[in-house]
Amino acid sequence: MKKIAYALILLSSLFSFSHAEDNKSYTTEKRSNSVVYIIPVVFHVLHNYGPENISDAQILDQLEILNQDFRKLNADTANIDSAFQGVAADCEIEFRLASIDPNGNCTNGIDRVQTMLTYNANDNSKINSWPNNKYLNIWVVSSLQNSIVGATGTFPGGNDSLDGLICLSNYVGSIGTGSLATFRTITHELGHYFNLFHPWGSGTLGVTCGDDGISDTPETMGWSNCVPNGSICNPPIIENVQNFMEFSYCRIMFTEGQKTKMHVTLNSSISGRNNLWSPANLLATGITQGPQICTPVADFYIDHRLICEGSDVTYYDLSWNSNVTNRSWSFPGGTPSTSTDSAVTVNYPTAGNYSATLIVSNATGIDSITRTFFVYVTGTASSFIPYSESFEDTASFPGVNGIILNEDNGTSWTRTTTAASSGIASIMIDNFTNSAGQIDEWVLPTFDFSSFIQPITMTFDVANAQRTVSSNDKLSFSGSFNCGENWIQRYNKSGSSLATTSSIVATNFIPNATQWRSDTINLNPFDMLPSIRFKFTNTSDNGNNIYIDNINITALIINVDETEDIQLGFSIYPNPTIEASTIQFKLSSKQNVNLQVKNILGQTISNVLNEEMESGLHEVKLPSLQKGIYMIDLYTGNKHHVRRLIVS
């Protein structure tokens with residue numbers, strides 16, 4: 001069975017509890033004046049418009065799970081082993097989403113932030129922290145730097161701005177991207193937040209017996225599987241395999257001793273835990289008043305930012321903080337140009353860069369967002385083979401219809417005159433200040449490869465140095481047949497394999513003349529295809545700068561005698577077409593003829609002809625084709641002829 005591992009942040013214990021190693025007493029110790037501790041919560045959903053942007057419903061599901069677990073209302077308490085039924089505790093702790101934020105504004109307790117810090121997340125990803133003495137901060141991310149953990153929770157007494165939990169999005173709740181295998185991860189981590197240790201204490205899970213200093217949790221070496229009546233360390237004493245602070249798959253309870261320790265924590269001023277549940281704070285965070293109807297925060301995204309001329313983009317309303325009752329879209333240059341739907345498919349018939357606006361409102365207010373240069377529509381090719389770029393001209397970067405995709409709106413690719421492999425200029429990306437996980441792309445101008453065959457080769461000069469021996473900045477190069485809908489990676493180097501000097505450079509790297517390398521990329525998959533887009537992608541590890549210079553692309557031209565091609569009379573009509581087209585060609589002698597239809601990916605979708613034909617004029621009707629761009633390949637004897645067909 002797969003083990004689920006969790007990180008334990010080792011801090012010294014804030015409180016000591018005496019217990020006897022022998023003759024432990026598992027009796028229930030009731031509080032005389034019962035107090036239910038209500039904790040205001042905020043979920044910070046860090047996302048890049050992917051599945052990590054989990055729904056409100058999934059967060060509410062997690063909140064319900066927490067309240068069941070900490071109040072002993074979870075149905076599976078019926079399965080508690082008889083040895084611990086008498087000490088299974090209602091911890092009298094409940095969790096509520098805040099309805100007032102630190103600035104006094106209305107909130108639903110869910111804070112959504114678009115950021116690349118959702119990837120490979122660590123403490124640096126704990127952004128927009130709300131005061132930890134007023135709110136329990138829970139950050140939800142796409143991936144964690146420590147890939148073996150699902151979440152981490154802080155003990156009291158650490159850095160206030162980092163206090164709380166950080167958790168994978170698919171470890172939140174039991175619905176949506178969550179699962180029944182991981183939905184109690186946050187329950188476990190909140191145990192640490194309230195100063196509980198693992199039952200095996202400072203020992204090693206599954207290796208050495210240890211204790212957590214609480215009298216009603218027996219000594220154990222820890223469990224990663226479910227044996228409810230398991231006993232290893234001190235047989236026949238049964239160990240609390242089903243404890244929420246275990247790693248077993250049947251965690252269903254806290255003990256009365258753990259409850260007592262959590263209550264002591266909640267009455268301590270360390271990390272402001274005693275202020276969380278105070279009447280004044282419950283009023284300040286909106287818990288006393290209960291949920292409010294807030295003004296929605298406008299937000300949207302699309303399925304593709306880079307498309308072919310005449311293609312579609314679907315817009316999605318991702319507004320948050322409250323329900324939207326009225327919505328108004330504006331799509332200049334698109335069809336339709338306006339809409340009130342939550343999801344809208346828009347066609348862009350003409351090449352260019354386009355913006356979009358969304359206005360949302362409800363009874364409490366209105367909000368809007370405009371994204372400029374949001375959709376890039378590719379037209380005809382502006383770059384041709386052979387291609388050479390040295391960045392000496394200030395207008396050469398990003399180039400005619402070239403694109404900089406900078407999702408985090410931070411530092412991105414730029415032209416520089418601080419270093420060059422030749423001349424005075426190159427382009428560079430500043431990974432020295434970029435945060436780890438930031439992704440920046442330069443999409444090159446469109447190329448037309450329809451007249452070229454293999455080999456197609458690209459060379460470029462690159463310079464990079466590692467900041468530390470573990471720095472892992474990554475540079476990749478990819479190409480697309482279909483205007484960015486799919487990308488084929490042709491180059492990928494990172495860390496020491498990317499570095500062009502063996503020296504570790506702890507300062508801002510600027511290469512000298514000897515710290516450049518020439519790399520070669522095979523572009524053969526793109527031969528004989530029009531409208532090719534290429535892109536360089538930088539993925540920062542907060543390491544050091546990458547420089548690129550002297551890009552050159554060369555290829556072999558298709559071996560066609562232009563005089564023979566004219567005499568052949570190879571033509572397509574109508575073209576463009578909305579129906580089937582006809583191919584016309586004239587043979588000067590009897591010969592073998594092969595006629596194929598290929599899609600923009602270079603895949604053969606129809607073998608129209610493959611036979612010996614007599615001399616003379618021939619007309620061949622093509623099969624009906626769906627909307628798109630096609631290559632018509634005609635082979636006559638030992639000659640290859642190519643024409644482009646557009647079906648609109």
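Strands β9 (residues 306-308) and β15 (residues 365-378) run parallel to each other, joined by three bridges. If you want a spot to look at in this predicted model, take C308, whose bridge partner in β15 is T378. β15 also pairs with β14 (residues 352-362), this time in the antiparallel sense and over 10 bridges. One of the pairings to pick out there is L358 with I369. Just two residues sit between β14 and β15, and the two strands form a hairpin. As a reminder for reading such strands, side chains in a regular strand alternate between the two faces of the sheet.

Now hop back along the chain to helix α1, which covers residues 56-70. Its 15 residues reach 21 Å from first C-alpha to last, close to the 21 Å expected at 1.5 Å a residue. Buried residues turn up along α1 as follows: Q58, I59, D61, Q62, L63, I65, L66, N67, D69 and F70. That list mixes in some polar names, including Q58, D61 and N67. In an α-helix there are 3.6 residues a turn, so residues three or four places apart point the same way. What covers the buried part of α1? The cover includes strands β2 (37-47), β3 (93-97) and β4 (110-114), along with helices α2 (185-193) and α3 (256-266). Just past the end of α1, K72 takes a positive phi of about 55°.

Helix α3 is worth a look in its own right, being mostly covered, with nine of its 11 residues buried. Those are E256, G257, Q258, K259, K261, M262, H263, T265 and L266. They pack against β2, α1, β3, α2 and α4 (273-276), so to speak the other side of the story for α1, whose own cover includes α3.

F70, back in α1, is a good way into the interior. Leaving out residues up to four places away in sequence, F70 touches D90, C91, E92, I93, F95, T187, L190, F194, F254 and M262. Of these, M262 is one of the buried residues of α3. F70 also belongs to the largest nonpolar core, a set of 45 residues, where it joins I93, F95, L136, L190 and F194 as the residues with the most contacts inside the core. β2 gives this core its largest share, six residues. Apart from it lies another core, this one of 36 residues, with F477, Y491, F536 and I551 among them.

Key:
Residues are numbered from 1 along each chain as its sequence is written. This is a predicted model: local features need pLDDT of at least 70, side-chain atom pairs count only at pLDDT 80 or more; totals for chains, interfaces and linings use all residues. Side-chain values use heavy atoms; hydrogens and water are left out. Helices (H or I, at least four residues) and strands (E, at least two) are DSSP runs, numbered from the N terminus. The expected span of a helix is 1.5 Å times one less than its number of residues. Buried means under 20% relative accessible area, exposed over 50%, partly exposed in between (1.4 Å probe, protein chains only). Contact means heavy atoms within 4.5 Å. Two strands pair if DSSP finds at least two bridges between them. A nonpolar core is a set of buried Ala, Val, Leu, Ile, Met, Phe, Trp, Tyr and Cys residues joined through side-chain atoms within 4.5 Å.
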